[in-house]
Amino acid sequence: MSARRVLVVGAGVMGHRHAVAVRAVGDQIAAVVDTDLARASAVDSGASTYTSVQEALAQEHDLDSAIIATPSAGHLVQSTELVAAGLDVLVEKPHRVPGQDPALLRDALRTGGRLFVGMSTRHWAGVKAVVSAVADGELGEILTYNDRMQFHLEEDSLPGWYFNSAVSGGGVLVTNGVHAFDRARAILGEELQFHTAALKRVNPSHETEDHASVIARVGESTIASIDMSWVPFDPIGTGLIVMGTRGTARIYMDGSWSISAIGVERSGPSINIDRAPFISQWTSFRDEEAGFGLDDLEPTLELIEQIYQEVPVV
Ligand SMILES: NC(=O)c1ccc[n+]([C@@H]2O[C@H](COP(=O)([O-])OP(=O)(O)OC[C@H]3O[C@@H](n4cnc5c(N)ncnc54)[C@H](O)[C@@H]3O)[C@@H](O)[C@H]2O)c1
């Protein structure tokens, strides 16, 4: 496969992280877009820089791929423009924020490039192992599923736009929830149904929720409990635990994992969670791996939209 010529849109934390993955497999960052040109220049010294997607598309005629890593509310319009221009696009999650209508993107996908949504946690080795173990029946019938995506967040450790719902689409429920519900759907199946939830603003200066506790269910016997938190202390015991009638699987926040079931013992080491999953994800994007397109991820956002509609932030 020949080296891809990639446009990176958004030169913040994630733009840099994706650029590392692109270079790691021998592809080239050809151009970078950021409203701040100094930031754009810092991503790759060999890349051309632009302040808008339109400007980059007008000047660059041999791009084949784009990565979108801008604040979330811009993803839908930028994806639509880049897909319509015929590029294959890896868009950071969420591919749109709650309330935005993806109809124009759907239209662009009929005739343009393809869309792959960046769900980095699904590219963790442990998540892949648990998806397979559950699909192969190694854990038996799943009884309980506990996912705790809980982070110690110091004041100012995230850019301010994360707490402005007009830009982020909401708080921890959408920003981390897209990962949590995406992997719950990948492990437990498409029948995951919202049951009840509580949304709480922990930091009173935030407009958006910092904590979300969600109970979902699959069929008659599986309960999924998913907690997402940004808190000003070190939350203990975060990670994923799945227990079935034949065994248990665990994934820790450092990426290490274990599966212990009748006749099955497997485990994996910790990983560099800021690097390894992004290289694996870029490889999946290049290989056109199924499961990360618009229609695969829309139900996750619809579930989050349902929770925002039914549950007040208190
Ligand atoms: N997959 C993951 O693990 C993960 C982790 C963190 C963030 N994210 C997602 O990545 C995205 C980016 O997050 P971040 O933390 O890197 O944000 P950031 O604020 O660090 O970077 C965003 C960059 O986009 C630029 N920008 C803003 N508006 C722009 C526009 N209209 N056109 C071009 N550039 C523009 C900003 O100047 C900034 O450099 C978000 O959607 C976030 O949800 C994903």
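Start by selecting Ser72 and the ligand: an N or O atom in the Ser72 side chain sits 3.0 Å from an oxygen atom of the ligand. That pair fits the cut-off for a polar contact, which is two N or O atoms within 3.5 Å; within protein, one must be able to donate a hydrogen and the other to accept it, and residues adjacent in sequence count only if both atoms are side-chain atoms. Before going on, keep in mind that this is a predicted model, where local features need pLDDT of at least 70 and side-chain atom pairs count only at pLDDT 80 or more, while totals for chains, interfaces and linings use all residues. Residues are numbered from 1 along each chain as its sequence is written, and side-chain values use heavy atoms, with hydrogens and water left out.

**Around the ligand**

Stay on the ligand and add Arg39, which has a polar side-chain atom 2.5 Å from a ligand oxygen atom. Then add Glu92: here a polar atom of the side chain is 3.2 Å from a nitrogen atom of the ligand. Taken alone, the ligand exposes 860 Å², and the protein buries 82% of that (areas by the Shrake-Rupley method with a 1.4 Å probe; for residues, only the protein chains shown count as cover).

Now show the whole shell. It has 23 residues, and the closest are Met14, Asp34, Arg39, Trp161 and Tyr162; to be in it, a residue needs a heavy atom within 4 Å of the ligand. The ligand sits in the largest pocket. A pocket here is an open set of points on a 1 Å grid over the protein atoms alone, where a 1.4 Å probe fits and protein lies on both sides within 12 Å along at least five of seven lines; lining residues have an atom within 4 Å of a point. To sit in one, a molecule needs more than half of its atoms within 2 Å of its grid points. Color α1 (13-24) and α4 (75-84) next, since these are the elements that give two or more residues to the shell around the ligand. (Helices are DSSP runs of H or I with at least four residues, strands are runs of E with at least two, and both are numbered from the N terminus.)

**Along α4 and over to Leu57**

Keep α4 selected: 7 of its 10 residues are buried, where buried means under 20% relative accessible area, exposed over 50%, and partly exposed in between (1.4 Å probe, protein chains only). His75, Leu76, Gln78, Ser79, Thr80, Leu82 and Val83 are the buried ones, and they pack against β1, α3, β4, β5, α5 and β6. Just past the helix, click Gly86, which has a positive phi of about 95°.

From there, hop to Leu57 in helix α3 (residues 53-59). Leu57 touches Glu81, Leu82, Ala85 and Leu87, leaving aside residues up to four places away in sequence; touching means heavy atoms within 4.5 Å. Its relative accessibility is 24%, so Leu57 counts as partly exposed.

**The loop between β5 and α5**

Select Pro94, which lies in this loop. The peptide bond leading from Lys93 to Pro94 is cis, with omega near -15°. Arg96 is in the loop between β5 and α5 too. With a relative accessible area of 2%, Arg96 is buried. Show its side chain together with that of Glu305, and you'll find a polar contact of 2.9 Å.

**α10 and Arg114**

Is helix α10 largely enclosed or open? With 8 of its 11 residues buried, α10 (residues 276-286) is largely enclosed by the rest of the structure. The cover over those buried residues includes β1 (5-9), α1, β4 (65-68), β5 (88-92), β6 and α6 (125-135).

Phe285 is one of the buried residues of α10, and its backbone oxygen lies 2.8 Å from a polar side-chain atom of Arg114. Arg114 is in the loop between α5 (103-111) and β6 (115-118) and counts as buried at 19% relative accessibility. Among the residues Arg114 touches are Arg4, Asp88, Arg286 and Glu288.

**Two last clicks**

Glu288 is in the loop between α10 and α11 (294-310), with a positive phi near 55°. Finish at Asp156, in the loop between β7 (142-152) and α7 (165-168). Asp156 has a positive phi of about 70° without being a glycine. Most residues other than glycine have a negative phi. At 71% relative accessibility, Asp156 counts as exposed.
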